[in-house]
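Good morning, and thank you for joining this presentation. I should like to take you through one structure, part by part.

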Amino acid sequence: MENLSPPKRSVTVADVAKAAKVSKATAARVLGGYGVVSDKIRAQVMAAATELEYRPNELARSMTTGKSGIIGVIVGDIENAFFSLAVRGISDAARVAGFNVIIANSGEELDAEKSAVDLLIGKRVDGLIVTPARCDRMEHLQDIRRVGVPLVLFDRSIPELGVDSVTGDDRDAAISATRHLLEAGHRRIAYVSAMDTSGDPFTDSQQISNSAVRERVEGFLSVLTDAGLKSPEHYVRLGATDQQRTDTVVKRLLEEVSPPTALLASDSLVGLRIFRSLQSLGLSTPRDISMISFLDADWTTVTAPPITVVDQPVYEMGKKAAERLISRLDGKEPPVERTIVKTSLIQRGSVAAPRSTVT
């Protein structure tokens, strides 16, 4: 039987101090990045730390300095390309500023988000970037403020919370996409979202607790109302949370007496599910039905034809959220603001005139 050597003991600040021939307090100042020491002593301590393969105890350092050098990020669904791009932008900006990032995934569940907040606060993160699962439930977000941890909201805004936020121009983006479908001749247009309202049929945008989706739906409805179309809210469908439920949503829409001739997907995951649903029904875009999706995700360029999309500069949004938080951590106190990042419509091949112009 192979003899296994005992695990190596962790190198301590005292070990580094002894090797560098300085006091423990001096070594701690150098390794913790606080206090004043000469360049010669700093080089001496860092050389000893490297030689011994010293790894800092982040919790101990945060208790000494009051700073952990860590930003906590809570996103709604890391599977969604939107949040993956955002995290990359956040991480890149954080790294440039000397911060590490811990990421938590809420799955758009309020309880999971609350648990993630508690966990990250317990790890003494310096600040938090959160995509709130619900914009009408903010007690745990108020707790973040009460403990003095800077907070920036990402993708969604809660004005009454009084914190910075970085979002897209969701209402304008939906207006642009809906107008494009109207200009192509469509009058029966459906909006499909993964937002779940416990099975209740959509009647009013105030049912939607996600501010981004709510603003998109409001933009969508405003264009159709201004065009004189009756009861446009009839074609707003929620609950497309997975492929099976999306299949059901699409099937029911197409079984309507007057089915929609175009679909607007609220995000790229919903868009992909819709595309698969249409394929399973033997339908193609735009011959049988037109389609637009939010976010220029990779899959939208490899379909035949490629999908028209609302292009969201998500990486830049992530960077801006991190930069805003870091400015707070650096002691700057600008007025609280919502930063709105402009989107654009990329026209491809998934929109055409409807096969029937009957309204």
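Let me begin with a term: two residues are in contact when heavy atoms of theirs lie within 4.5 Å. Please also keep in mind that the model before you is a predicted one.

With that term in hand, consider Ser-222, which belongs to helix α9, residues 211-226. Leaving aside residues up to four places away in sequence, Ser-222 touches Arg-171 and Ile-175. Is Ser-222 buried or exposed? Its relative accessibility is 17%, and buried means under 20%, so Ser-222 counts as buried.

Ile-175 leads us to helix α8, where it is one of the buried residues. This helix runs over residues 170-183, which makes 14 residues. From the first C-alpha to the last, α8 reaches 20 Å, close to the 20 Å expected at 1.5 Å a residue. Its buried residues also include Asp-170, Ala-173, His-180 and Leu-182.

What follows α8? There we find Gly-185, with a positive phi near 110°. Gly-185 is placed in the loop between α8 and β6. With a relative accessible area of 30%, Gly-185 is partly exposed. Its C-alpha atom is separated by 37 Å from that of Pro-159, and the two residues are 26 apart along the chain.

I turn now to helix α10, residues 243-254. It has twelve residues, and its first and last C-alpha atoms span 16 Å, close to the 16 Å expected at 1.5 Å a residue. At the start of α10, the backbone nitrogen of Gln-244 has a side-chain oxygen of Asp-242 within 3.3 Å.

Which residues of α10 are buried? They are Thr-246, Val-249, Val-250 and Leu-253. Because these residues cover an arc of only 90° around the axis, they are on the same side of α10. The exposed residues Gln-244 and Arg-252 are carried on the face turned away from that buried side. As for partners, the buried residues of α10 pack against three strands, β6 (189-192), β7 (236-237) and β8 (262-265), and against helix α11.

My last topic is the aromatic residues. In general, two aromatic rings are described as a pair by the distance of their centres and the angle of their planes. How many aromatic pairs does a search of the whole structure find? It finds four. One of them joins Phe-82 and Phe-83 edge-to-face, with 5.1 Å centre to centre and 90° between the planes. Phe-82 and Phe-83 are both buried. Ring pairs also bring in Phe-154, giving a cluster of Phe-82, Phe-83 and Phe-154.

Another pair is formed by Phe-275 and Trp-299; this one is tilted, at 6.0 Å centre to centre and 45° between the planes. It links distant parts of the chain, since Phe-275 lies in helix α11 (residues 268-280) and Trp-299 in the loop between β9 (290-294) and β10 (308-311), 24 residues apart. Phe-275 is buried, at 13% relative accessible area, and Trp-299 is buried as well, at 14%.

Finally, one ring has a charged partner: Arg-216 lies over the face of Phe-294, at 4.1 Å from the ring centre.

To close, let me return to α10: its buried residues sit on the same side of the helix, and they pack against α11 among other elements. Helix α11 in turn holds Phe-275, the partner of Trp-299. Thank you for your attention.

Methods: Residues numbered from 1 in each chain as written. Predicted model: local features only at pLDDT ≥ 70, side-chain atom pairs only at ≥ 80, totals over all residues. Heavy atoms only, no water. Phe/Tyr/Trp six-rings, centres within 6.5 Å; stacked < 30°, edge-to-face > 60°. Buried < 20%, exposed > 50% of the residue type's maximum accessible area, 1.4 Å probe, protein only. Helix = DSSP H or I, 4+ residues; strand = E, 2+ residues; numbered from the N terminus. Lys NZ or Arg CZ within 6 Å of the ring centre and 35° of its normal. Expected span 1.5 Å × (residues − 1). Arc of directions from axis to C-beta. Polar contact = N/O pair within 3.5 Å; in protein donor to acceptor, adjacent residues only side chain to side chain.
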